[in-house]
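Dear colleague,

Please find below the structure that I am handing over to you, with its sequence. My notes on what was found in it follow directly after.

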Number of protein chains: 2
Amino acid sequence: MPADLTTQTRKEREFQVREELILTHARRLLIERGFQAWNMEQLAEAVEYSKGTLYQHFTSKEDLVLAVATDSLRNRADWFEKAARFQGSTRERSRAIGFACCEFAEKCPEYFHVEMMLKSASFWEKASEERRQAHSFQGARCWRILNHIVVEAMALNEMPRDSFTAEEATFALVSVTVGSHVMTQEPQIRVQAGITNPMQAVRINQDIVCDGLNWKPLFRDHDYSKTDQRIIAEVFPEAVNWYKA
Amino acid sequence: MPADLTTQTRKEREFQVREELILTHARRLLIERGFQAWNMEQLAEAVEYSKGTLYQHFTSKEDLVLAVATDSLRNRADWFEKAARFQGSTRERSRAIGFACCEFAEKCPEYFHVEMMLKSASFWEKASEERRQAHSFQGARCWRILNHIVVEAMALNEMPRDSFTAEEATFALVSVTVGSHVMTQEPQIRVQAGITNPMQAVRINQDIVCDGLNWKPLFRDHDYSKTDQRIIAEVFPEAVNWYKA
DNA sequence: TTCTTTTTTTGACCAACGGTCAAATATTTT
DNA sequence: AAAATATTTGACCGTTGGTCAAAAAAAGAA
């Protein structure tokens with residue numbers, strides 16, 4: 001998020017440009033090698049600064065990686081917002097968010113890897129309070145956008161109110177999405193489940209959960225292929241490579 | 001799995017006893033502190049052997065931790081088997097497996113933590129081929145048990161065959177379960193979703209997916225509380241602490 | 001029992017890496 | 001041009017996973 005350039009001094013701007021340079025290279029290393037298989041020395045070399053300079057921006061390797069993840073998460077929230085504005089029924093809009101999730105997984109493949117590490121307390125503890133808050137903030141944005149659609153669906157009686165609360169419904173969608181992404185990463189599961197297109201597998205599971213929530217119109221009663229094409233055309237004008245009709 | 005004691009020499013038996021001692025202490029450290037916050041030296045001290053001896057059993061710290069995880073996973077598969085033998089409809093039996101998952105999460109809290117680490121290639125690579133295979137084997141057992149019930153449900157027309165394949169249905173259940181466990185670990189999500197009982201949240205999500213798969217009798221049409229009590233009484237005779245009616 | 005051989009255990013040692021900070025370098029001010 | 005301030009650097013440190021030659025223990029031979 002480029003803060004307003006007018007109130008910044010040249011120094012501050014240079015500092016920010018360098019931070020983005022570091023983040024870019026760190027993301028590349030994360031994608032290419034994961035977390036362990038590179039060190040701060042190598043990153044310093046890549047950005048053509050010394051190790052000490054890196055530590056002027058980040059308190060630890062974990063802090064840096066969390067910053068990369070938060071950057072990605074901000075993108076996801078932005079995509080969520082755009083998807084939520086899709087013109088259609090509440091279920092169609094939640095579907096657009098499902099697409100945003102897949103697009104996110106495709107464009108920010110390092111994210112889920114970092115997300116897994118975030119579950120371990122020791123990782124989280126090594127990051128700075130500032131970055132932890134930034135990450136929580138973007139996470140909360142994503143939750144709020146989806147939850148808002150669920151609440152609206154219940155208000156419009158497109159989803160029954162008596163079975164589950166809006167929070168339970170939102171939680172179910174979030175859980176199945178994360179779980180599906182995690183499981184599709186596992187080669188063994190891919191074989192056992194016969195998965196050839198991971199993104200499609202994720203979306204099928206989202207359909208199952210929405211149907212389980214009785215979110216009308218049900219997937220099993222309704223053909224969403226027209227909606228899907230509109231979502232791709234209107235929300236993701238750039239090519240979406242993972243979609244198979 | 002204690003191999004047959006008769007064909008083993010005394011040495012071999014002692015070796016095995018020591019391995020179990022190491023695994024026990026490693027599991028305790030994993031639960032108490034996670035993966036990072038203890039080192040091999042401390043573990044060696046705890047088991048009253050030297051570091052070098054640990055490396056006669058395990059090729060690396062990761063190899064050791066994978067062994068702990070596989071031990072737990074074997075327990076889960078055993079619980080799955082027991083749950084699958086529950087007398088009832090296919091959906092009731094899948095419900096019993098859902099309970100087994102919760103019981104597992106409660107009794108082996110270190111497992112999900114390790115499972116997350118297994119997603120990173122570098123971790124997996126540091127473990128020995130032998131232990132990787134053992135882990136895959138137990139994972140496959142769990143899959144097979146659940147998948148078998150799904151196949152049977154379709155054969156008995158308790159779940160429609162035309163919407164999803166048996167593998168897709170199994171995958172959906174596995175995904176939502178893993179995802180729910182992962183998400184309930186996250187304090188922020190707990191607050192946002194208003195979760196007070198994580199295990200109940202997991203089971204709700206399983207109900208939603210089963211309903212989405214149109215697995216009869218549907219949760220929304222049927223009261224499963226009697227079934228739940230039977231499952232607890234018959235499959236988990238020891239106290240189940242997390243269940244709230 | 002005593003000496004020799006084999007097996008097992010040990011902990012000093014190594015390399016790798018995240019992180020620090022005094023010194024060097026660059027920039028700004030006077 | 002010199003002094004003052006700010007920034008960058010990389011040698012250095014502590015920790016830790018992992019190794020291996022030497023020590024200790026066990027087994028075997030006499």
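**The first helix of chain A**

The buried residues of α1(A) are covered by elements that include α2 (40-47), α3, α4 (61-84), α6 (110-118) and α8 (129-155) of chain A. Please keep in mind throughout that this is a predicted model.

Which residues of α1(A) are buried? They are Gln16(A), Arg18(A), Glu19(A), Ile22(A), Leu23(A), His25(A), Ala26(A), Leu29(A) and Leu30(A). You may wish to locate them along the helix in the display above.

The length of α1(A) can be checked by simple reasoning. The helix has 24 residues, and at 1.5 Å a residue it should span 34 Å. Its end C-alpha atoms are 34 Å apart, so the expected and the computed values agree. Just after α1(A), Gly34(A) takes a positive phi of about 85°.

**How the two chains are related**

Chain A is superposed on chain B by a rotation of 180°, with 0.0 Å of shift along the axis and an RMSD of 0.0 Å. This is the relation of a two-fold axis. The same surface serves both copies, since 100% of the contact residues of chain A recur in chain B.

**The surface near DNA strand D**

DNA strand D is surrounded by 17 residues. The closest of them are Arg18(A), Gln56(A), Arg10(B), Lys51(B) and Lys61(B). By class, this surface has seven charged, six polar and four nonpolar residues.

Which part of DNA strand D do the atoms within 4 Å of the protein belong to? Sugar or phosphate accounts for 70% of these atoms, and bases account for the rest.

Three contacts with phosphate oxygens of DNA strand D may be inspected individually:

- Asn39(B) has a side-chain N or O atom 3.2 Å from a phosphate oxygen of the strand.
- Tyr55(B) places a polar side-chain atom 2.9 Å from a phosphate oxygen of the strand.
- Lys61(B) has a backbone N or O atom at 2.7 Å from a phosphate oxygen of the strand.

Several elements give two or more residues to the surface near DNA strand D: α1 (10-33) and α3 (51-57) of chain A, along with α1 (10-33), α3 (51-57) and α4 (61-84) of chain B. The element that gives the most is α3(A), with three residues.

**The surface near DNA strand C**

Around DNA strand C there are 17 residues, of which Arg10(A), Lys51(A), Lys61(A), Arg18(B) and Gln56(B) come nearest. The surface near this strand has four nonpolar, six polar and seven charged residues. Of the atoms of DNA strand C within 4 Å of the protein, 67% are part of sugar or phosphate, while the rest are part of bases.

Here too, three contacts with phosphate oxygens may be inspected:

- Arg18(B) has a polar side-chain atom 2.6 Å from a phosphate oxygen of DNA strand C.
- Ser50(B) has a polar backbone atom 3.0 Å from a phosphate oxygen of DNA strand C.
- Thr53(B) has a side-chain N or O atom 2.9 Å from a phosphate oxygen of DNA strand C.

At least two residues each are supplied to the surface near DNA strand C by α1, α3 and α4 of chain A and by α1 and α3 of chain B. Which element provides the largest share of this surface? It is α3(B), with three residues.

**Backbone features to look at**

Most residues other than glycine have a negative phi, and most peptide bonds are trans. The following places depart from that pattern.

In chain A, a cis peptide bond joins Lys216(A) and Pro217(A), with omega at about -5°. Pro217(A) lies in the loop between α11 (198-212) and α12 (225-235) of chain A. In chain B, Lys216(B) and Pro217(B) are likewise joined by a cis peptide bond, with omega at about -5°. Pro217(B) is found in the loop between α11 (198-212) and α12 (225-235) of chain B.

Two residues of chain B that are not glycine have a positive phi. Glu48(B) has a value of about 65°, and Asn214(B) has one near 65°. Glu48(B) is in the loop between α2 (40-47) and α3 of chain B, whereas Asn214(B) is in the loop between α11 and α12 of chain B.

Are these two residues buried or exposed? Glu48(B) has a relative accessible area of 73%, over the 50% cut-off, and is therefore exposed. Asn214(B) has a relative accessibility of 12%, under the 20% cut-off, and so counts as buried.

Yours sincerely

Methods: Residues numbered from 1 in each chain as written. Chains lettered and ligands numbered in written order. Predicted model: local features only at pLDDT ≥ 70, side-chain atom pairs only at ≥ 80, totals over all residues. Heavy atoms only, no water. Least-squares fit on C-alpha atoms with pLDDT ≥ 70 in both. Contact = heavy atoms within 4.5 Å. Near = heavy atom within 4 Å. Polar contact = N/O pair within 3.5 Å; in protein donor to acceptor, adjacent residues only side chain to side chain. Helix = DSSP H or I, 4+ residues; strand = E, 2+ residues; numbered from the N terminus. Nonpolar A, V, L, I, M, F, W, Y, C, P; charged D, E, K, R; others polar. Expected span 1.5 Å × (residues − 1). Buried < 20%, exposed > 50% of the residue type's maximum accessible area, 1.4 Å probe, protein only.
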